[in-house]
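Let's learn to read a few backbone features together. Here is the model to look at.

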Protein chains: 2
Amino acid sequence: MQFTLLHSDKETSARTGIIQTDHGKIPTPAFMPVGTLGVVKTFSPQELKNLGTDIILGNTYHLYLRPGDKIIKDAGGLHSFSSWKGPILTDSGGFQVFSLARLNKISDGGVEFQSHLDGSSHFFTPEKSMSIQRNLGADIIMAFDECPPGNVDKETAMKAVKRTNKWAESCVKYLKENPPHYDWNQTFFPIIQGNVYPELRKQSIQELCSFSRCGMAIGGLAVGEEKSAMLEMVHLSTEHLPMEQPRYLMGVGKPADLVRTIGMGVDMFDCVIPTRNGRNGHIFTEDGIINIKNGMYKNDFSLMDKKSDSPFGVQFSKAYVRHLFNVNEILGVRITSALNIAFYMKLMKTIRLKIECGEFCKWSKSFLKKWDDE
Amino acid sequence: MQFTLLHSDKETSARTGIIQTDHGKIPTPAFMPVGTLGVVKTFSPQELKNLGTDIILGNTYHLYLRPGDKIIKDAGGLHSFSSWKGPILTDSGGFQVFSLARLNKISDGGVEFQSHLDGSSHFFTPEKSMSIQRNLGADIIMAFDECPPGNVDKETAMKAVKRTNKWAESCVKYLKENPPHYDWNQTFFPIIQGNVYPELRKQSIQELCSFSRCGMAIGGLAVGEEKSAMLEMVHLSTEHLPMEQPRYLMGVGKPADLVRTIGMGVDMFDCVIPTRNGRNGHIFTEDGIINIKNGMYKNDFSLMDKKSDSPFGVQFSKAYVRHLFNVNEILGVRITSALNIAFYMKLMKTIRLKIECGEFCKWSKSFLKKWDDE
């Protein structure tokens, strides 16, 4: 994997670049739709591609439980299994064993947890996470980290930083000793922790830089802390992270958060918002947010979104899509999911263009004025 | 609407033709996917069209309850509301008020029933059914009929025949006095009843022929009677129905039933089997039926169906689609529904070609040998 910086904004820290992987190029800033179980909910790979998606994220914890990483290995990896031929990033399972699994028991060796599906017991270690991610075969693989909730005390946050750094070392050792199963590279991203404590964030970056070849992630944010603290930590992180490597802000977020943190120098994002909100009837359009379940759309025969890059925007009326939601027809969530992914992809494209032509600062101010509260 | 007979098979009663409607042509024999609520489940109209669908069916009872025929009228009719621009046929609601609604109370005037959704009371008359179908605006609209269950006694069946015929008269009167709301024609199809009693079937045909302009339907079958009785009644009906009008066998059915009754001279069909079975993981392929939920497909990385006209047939493996079903991902039912609709459409196309080149009799024997038990 290679990252080439293309443009740096003069007024902010925003920048554009290209990540080159063995499965294709990713223009940055980039947003990754979440394909938890080897599919971005409702979409075929071709449809996602048509909407402008360059890279998707797969979840190690979920794929380990179902269908199991061994089946995916037998299929020739996640690209082959899911038919998504473009770049893939997999998380490490760290976040999920803390947030989803029950009764997790953490030690320096790893995390013992019970599956959220059937209560069965499992033990994840840095080595185990790497082994699963070797099987899945994503282009970018993530460190196994400890991610405590937002606003834990400093002592707890410090322990998590130390453990995460120690685990990163174990991950790198495992990867050195166990090459990929497939004929493409897998690039390892360490994950910065440190909660809302500036000195811990700096320490985390300092210690993890040596494990990073081409990219680092800002983790442990958007997990319950104040929005202002989140933004402060992103700002501090991007100031200390290597310029020449892409910075990936995990699990973020809303359109305004993307725009704001891109201004701080973030290059990559993933979030379930476009697809999850779509399934709830919550649609992003250039004119603002629509909740299509609202009774006001019962007789509204205007088109869903004339400005959308999804063909569904001009194929269906609001009244029709409201009806589809009302009667639980799958086409409804397909339409709203497509409109939301198209909105996010168009937003990233616009941002890249605005950075390239030197208008990002001005544009982002007007965007944030409109989207700050949404 | 106009029906042109093209080819008549020499060895059987099978025939090909073209139904010309104001929304396009339908080559016959034709199969209509069921779009109960203004959508063929999981599909966009463009996708249905791409799979070879020429006409779809909408359900009057369901659309009357949700979203309401007045909303669809305000949208400019069902074509406009649903964005399906091709021909549409709507049933009359007769079948559903008997099979779905609760506590229905039938009289010569009509049927009082309670909605299966919320128990609210409604009263359907021939005039009401025509009024709703005028609002929906389908190209072909169906008579409001009484459809008793299979194998009722002759007395009950006779009463239903008499009532259905009387109601057909009321329908035709209403249609004469109330022209369409839109600038296309709506063709009325009477529905033959008579259960499994040959003389009642003959009587029904005789009395209903005068109400038919361009097409008649064989109703009251596939409702619980023996398969052999069903086939006997279809055979008797097509022998007595006008040669120059299309014959529509309602609610049928399995591939073998289509092939068998096309050999008796049936031209049109509708059935939920391809979409409903698809949602249950039950897939029709040229090599037979697959139940994709079966554990045997866990590690089967062969393609879903190389011979399918749906692009999904060569995009995904059986193991992947089984996984999608296992984790309740919508893409799973989309794939299986598409494969089943493609199978049915290809089957009808093959049948038309076989009739045209005089090979239908031979071909159908070999088809039935393979598909008789499925």
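What follows is a short dialogue about peptide bonds and phi angles in this predicted model.

Q: What should I expect of phi and of peptide bonds in general?

A: Most residues other than glycine have a negative phi, and most peptide bonds are trans. With that in mind, we can look at some cases here that go the other way.

Q: Which residues does the cis peptide bond with omega of about 5° join?

A: That cis bond links B:Arg66 and B:Pro67. On the chain, B:Pro67 sits in the loop that runs between α2 (60–65) and α3 (69–74) of chain B.

Q: And which residues share the cis bond with omega of about -5°?

A: There, B:Val252 is joined to B:Gly253. To find B:Gly253, go to the loop between β14 (247–249) and α10 (255–262) in chain B.

Q: Now for phi: what value does A:Ser83 have, and where is this residue?

A: A:Ser83 is not a glycine, yet its phi is positive, near 70°. You can locate A:Ser83 in the loop between α4 (78–82) and β6 (88–90) of chain A.

Q: Is A:Ser83 buried or exposed?

A: Buried means under 20% relative accessible area. A:Ser83 has 15% relative accessibility, so it counts as buried.

Q: What about phi of B:Ala222?

A: B:Ala222, another residue other than glycine, has a positive phi near 55°. Look for B:Ala222 in the loop of chain B between β13 (216–218) and α9 (227–240).

Q: How does B:Ala222 count in terms of accessibility?

A: Because its relative accessibility is 41%, B:Ala222 counts as partly exposed.

Methods:
Residues numbered from 1 in each chain as written. Chains lettered and ligands numbered in written order. Predicted model: local features only at pLDDT ≥ 70, side-chain atom pairs only at ≥ 80, totals over all residues. Heavy atoms only, no water. Helix = DSSP H or I, 4+ residues; strand = E, 2+ residues; numbered from the N terminus. Buried < 20%, exposed > 50% of the residue type's maximum accessible area, 1.4 Å probe, protein only.
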